[in-house]
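Biologist: I am new to this structure. Could you walk me through how to read it?

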Amino acid sequence: MVKNPVELVGAQVTRTSFDYQVRLSFTGHGPDGRVRVDVELVIETALSMTDADGSRAVLEPGSGTSLAPLLGLFGRTVTGVGVADCGALSLEFDDGTGLGVAPDPYYESWNLTGFGAEPVLVGPGGEGETCGEPGCPVGAPS
């Protein structure tokens, strides 16, 4: 079972970058103003993005300008995070946007590293025996 990085709740997107991966940096501060979390999420497979109106798009790392909608996440705050047993990731933001990354059958789908949260790596095929079951499809963004 993959750990749910709940430490992301309350953190802001402080950087977006794209190449053959999508990279989102998150920084969150504690009540005393000190940095409590400073992590990078690297997405290496297709992801889904749903806007506040419910319109959904599937985005592919390495696809150039089609990744432009992700730029709107800059400065947004994470309001919810979930990881299914198989490793499917879902993020919710303060503007109603949602991101989803399902495990890829052949490649690493996503990883999280940095300060203030346990590292997470979802490898090829996902995690555990629940991959491919309803609610945790392999190879299709949630």
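**Reading the fold step by step**

Modeller: Start with one residue, Trp110. Leaving out residues up to four places away in sequence, Trp110 touches Val2, Leu41, Val42, Ile43, Val83, Gly87, Leu89, Val101, Val120, Leu121 and Val122. Keep in mind that this is a predicted model.

Biologist: Which core residues have the most contacts inside the largest nonpolar core?

Modeller: The general idea comes first. In soluble globular proteins, nonpolar side chains tend to be buried together. Now the case here. The largest nonpolar core has 30 residues. Those with the most contacts inside it are Phe26, Leu41, Leu70, Leu91, Leu99 and Trp110. Two or more residues each come from β2, β3, β4, β6, β7, β8, β9 and β10. The largest share, 4 residues, comes from β3.

Biologist: How many helices and strands does the protein have?

Modeller: There are 0 helices and 10 strands. Read from the N terminus, the elements run β-β-β-β-β-β-β-β-β-β.

Biologist: What share of the residues is buried?

Modeller: Relative accessible area decides this; buried means under 20%. Of the 142 residues in the protein, 44% are buried. You can also ask how far apart in sequence the contacting residues are. Take the contacts with a separation of 6 or more: 52% of them are between residues 24 or more positions apart.

Biologist: In what order do the strands of the open sheet stand?

Modeller: Read a sheet from edge to edge. This open sheet has 5 strands, in the order β1-β2-β3-β9-β10, and the pairing is antiparallel. The edges are β1 (12-18) and β10 (120-122). Each has a single partner strand, so one side of each is left without a neighbour in the sheet. From one strand to the next, the twist averages 15°.

Biologist: How many bridges join β3 to β9?

Modeller: Strand β3 (residues 35-43) and strand β9 (residues 110-115) run antiparallel, joined by 6 bridges. To see the pairing, find Val39: Gly114 in β9 stands opposite.

Biologist: And β4 with β5: over how many bridges do they pair?

Modeller: Strand β4 (residues 47-50) pairs with β5 in the antiparallel sense, over 4 bridges. Leu47 stands opposite Leu59 in β5. Look at the turn as well. The hairpin of β4 and β5 has 5 residues between the strands, and Gly54 in this hairpin takes a positive phi near 95°.

Biologist: Let me try a single strand residue. Is Thr27 buried or exposed?

Modeller: Thr27 is found in strand β2 (residues 22-29). Its relative accessible area is 15%, so Thr27 is buried. Next, check what surrounds the residue. Beyond its neighbours within four places in sequence, Thr27 is in contact with Ala11, Gln12, Thr14, Val35, Val37 and Asp38. With Asp38, a polar contact of 3.3 Å joins the two side chains. Sequence distance and spatial distance are separate readings. Thr27 and Val13 are 14 residues apart in sequence, yet 6.6 Å apart in space, C-alpha to C-alpha.

Biologist: Now the charged pairs. How many salt bridges are there?

Modeller: A salt bridge needs a side-chain nitrogen of Lys or Arg within 4 Å of a carboxyl oxygen of Asp or Glu. By this rule the count comes to 5. One of them joins Lys3 and Glu7, with the closest N and O atoms 3.2 Å apart. Lys3 is partly exposed at 30% relative accessibility. Glu7 is partly exposed too, at 22%.

Biologist: Which strands hold Glu40 and Arg23?

Modeller: The side chains of Glu40 and Arg23 meet in a salt bridge of 2.8 Å, N to O. Glu40 lies in strand β3 and Arg23 in strand β2, so the pair ties together parts that are 17 residues apart in sequence. Glu40 counts as buried at 18% relative accessibility. Arg23 is partly exposed, with a relative accessible area of 24%. There is a network here as well: salt bridges link Arg15, Arg23 and Glu40.

Biologist: Where do Asp95 and Arg76 sit?

Modeller: Asp95 forms a salt bridge with Arg76, and the closest N and O atoms are 3.1 Å apart. This pair links distant parts of the chain, 19 residues apart. Asp95 is in the loop between β7 (89-93) and β8 (98-101). Arg76 is in the loop between β5 (56-59) and β6 (78-83). Asp95 is partly exposed, with a relative accessible area of 26%. Arg76 counts as partly exposed at 31%.

Definitions and conventions: Residues are numbered from 1 along each chain as its sequence is written. This is a predicted model: local features need pLDDT of at least 70, side-chain atom pairs count only at pLDDT 80 or more; totals for chains, interfaces and linings use all residues. Side-chain values use heavy atoms; hydrogens and water are left out. Two strands pair if DSSP finds at least two bridges between them. Axes are lines fitted to C-alpha atoms, for helices over the stretch in contact, and angles run from 0 to 180 degrees between N-to-C directions. Buried means under 20% relative accessible area, exposed over 50%, partly exposed in between (1.4 Å probe, protein chains only). Contact means heavy atoms within 4.5 Å. A polar contact is a pair of N or O atoms within 3.5 Å; within protein, one must be able to donate a hydrogen and the other to accept it, and residues adjacent in sequence count only if both atoms are side-chain atoms. A nonpolar core is a set of buried Ala, Val, Leu, Ile, Met, Phe, Trp, Tyr and Cys residues joined through side-chain atoms within 4.5 Å.
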